[in-house]
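Work through the exercises below with the model open. Each task is followed by its solution.

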Amino acid sequence: MSALLRIVALVGALAATAVAQAGRHELGLRLRAFERHLAEVTEPERRDAAFAELERAVQAFFRLDLPKVAARIDAADRALAGRAFSARERWARSLQLELDARLVDVDAESVGAELSAVWRATDPDDDVAGAAADGAVLVVRLAEAAPTQRFPVQELPFVCALRLEGVGPGDHRVQVAIEDAGGAVLASRWQGLSVVRDLAARFAAIEEAAEAVGRDTPETLETATLTALRGLLRVMQRGTPHETVLAGHELLAEAERLVAAGDAKVYAQGHDGSFHLRVPVGRSAVSTRFFAPAVGEGRRPLVVALHGAGGSENLFFDGYGDGLCVALARERGWFVASPRNGMGGVDVPGLVDALAERYAIDRERVLLVGHSMGAAAAMANAARAPGRFRAVAP
């Protein structure tokens, strides 16, 4: 199996089971970090050693041994580094920090957090016995302008309250590190936290509007998307994280834009960016991640990307090479649509037509990409409507 296929197989595998969202979230963060590290390493020996560990991760996944998957991803990252990690470093890398909520009000004093082990020693080359928490320090910075917070870790799980001092409204990149008693960094990670003003009142208004459109109006791209955004915002306020990092500040503003627009069309040429849409297609609606470039005159190509079994619309945007497909399309000024591809498949021509009614999509240049089950769906769509696609890459 080629290097790229090993990564793709693992990303697809991680999304293929009905595990708790906390597991999907944590494994996704680790794999994204690994892929970024992989892009920086060119030595064949290190890459080959990393892919051997990924193969072990895939096999652990098919046994539904998620702690072992996390351990093998960490081992793959270790192989890329080209050096042996100490038992203390391996212990630090085995930890995860879970927040009580990913979307909080700016007036909140703090957000709760728990540090715990994702995996423990299960075989000799992951033996972290003796790497106790004594002397370890949890270091967290909630936002670029926020002060660094330090917490001595006495035992696991370790529960603390992260102060929101200096954290203004916005979608923030939380920096997390584990240091030893001397201040040396043993492991470092990142995750997301969104902060907004007047969260309770603003979310209540969105809840009311979403309930009203559900009762009184026909389903449109805007009404269906408002309902979907309400669901994402609701999940972000709970302890269990969504499967990927969400920009809650941005999503809340987007939902309010839909409420304020009333019956007007919001999603149309000129409203560019990356969106979590719910697109009516025929008698159903399809959850779709959509990227619309800022373009001038003329119509642009569209890439339709179909994920593998058990995955979601987030994979091509946040997984699969850390969103490489979307990054390449952005460079070219192309559109990208990645629908949720269930066992019944997706009516891709119908989805293309629905989006092309709103955006300057060139229907003569639609490119279809699919992985695993998505590859089968891509071929099925191409067989049914071969004239609708310029190229197909299963």
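A residue counts as buried when its relative accessible area is under 20%. The model is predicted.

**Exercise 1.** Classify the ring pair Y267 and F275, and state whether its members are buried or exposed.

Solution.
- Start with burial: Y267 and F275 are both buried.
- Next, the distance: the ring centres are 5.4 Å apart, and the pairing limit is 6.5 Å.
- Then the angle: the planes stand at 70°, and edge-to-face requires over 60.
- The pair is therefore edge-to-face.
- For context, the model has 6 aromatic pairs.

**Exercise 2.** Find which parts of the chain the pair F335 and Y359 ties together.

Solution.
- Check the geometry: the centres lie 6.0 Å apart with 65° between the planes, an edge-to-face pair.
- Locate F335: it belongs to strand β12, residues 335-339.
- Locate Y359: it sits in the loop between α11 (348-356) and β13 (361-370).
- The pair therefore links parts 24 residues apart in sequence.
- Check burial: F335 and Y359 are both buried.
- Extend the picture: F290 joins F335 and Y359 in one aromatic cluster.

**Exercise 3.** Determine how far the charged end of R173 is from the ring centre of W190, then do the same for R332 and W334.

Solution.
- The charged end of R173 sits over the W190 ring, 4.0 Å from its centre.
- R332 lies over the face of W334, at 5.8 Å from the ring centre.
- The distance cut-off is 6 Å.

**Exercise 4.** Describe the second largest cavity by volume and lining.

Solution.
- Count first: there are 3 cavities of 30 Å³ or more.
- The second largest holds about 60 Å³.
- Its lining includes H25, R102, M236 and L246.
- By class, the lining has 4 nonpolar, 4 polar and 1 charged residues.

Conventions
Residues numbered from 1 in each chain as written. Predicted model: local features only at pLDDT ≥ 70, side-chain atom pairs only at ≥ 80, totals over all residues. Heavy atoms only, no water. 1 Å grid on protein atoms, 1.4 Å probe; cavity = no way out; pocket = protein on both sides within 12 Å on 5 of 7 lines; lining within 4 Å. Points joined across faces, edges and corners; volume = space filled by probe spheres on them. Nonpolar A, V, L, I, M, F, W, Y, C, P; charged D, E, K, R; others polar. Phe/Tyr/Trp six-rings, centres within 6.5 Å; stacked < 30°, edge-to-face > 60°. Buried < 20%, exposed > 50% of the residue type's maximum accessible area, 1.4 Å probe, protein only. Helix = DSSP H or I, 4+ residues; strand = E, 2+ residues; numbered from the N terminus. Lys NZ or Arg CZ within 6 Å of the ring centre and 35° of its normal.
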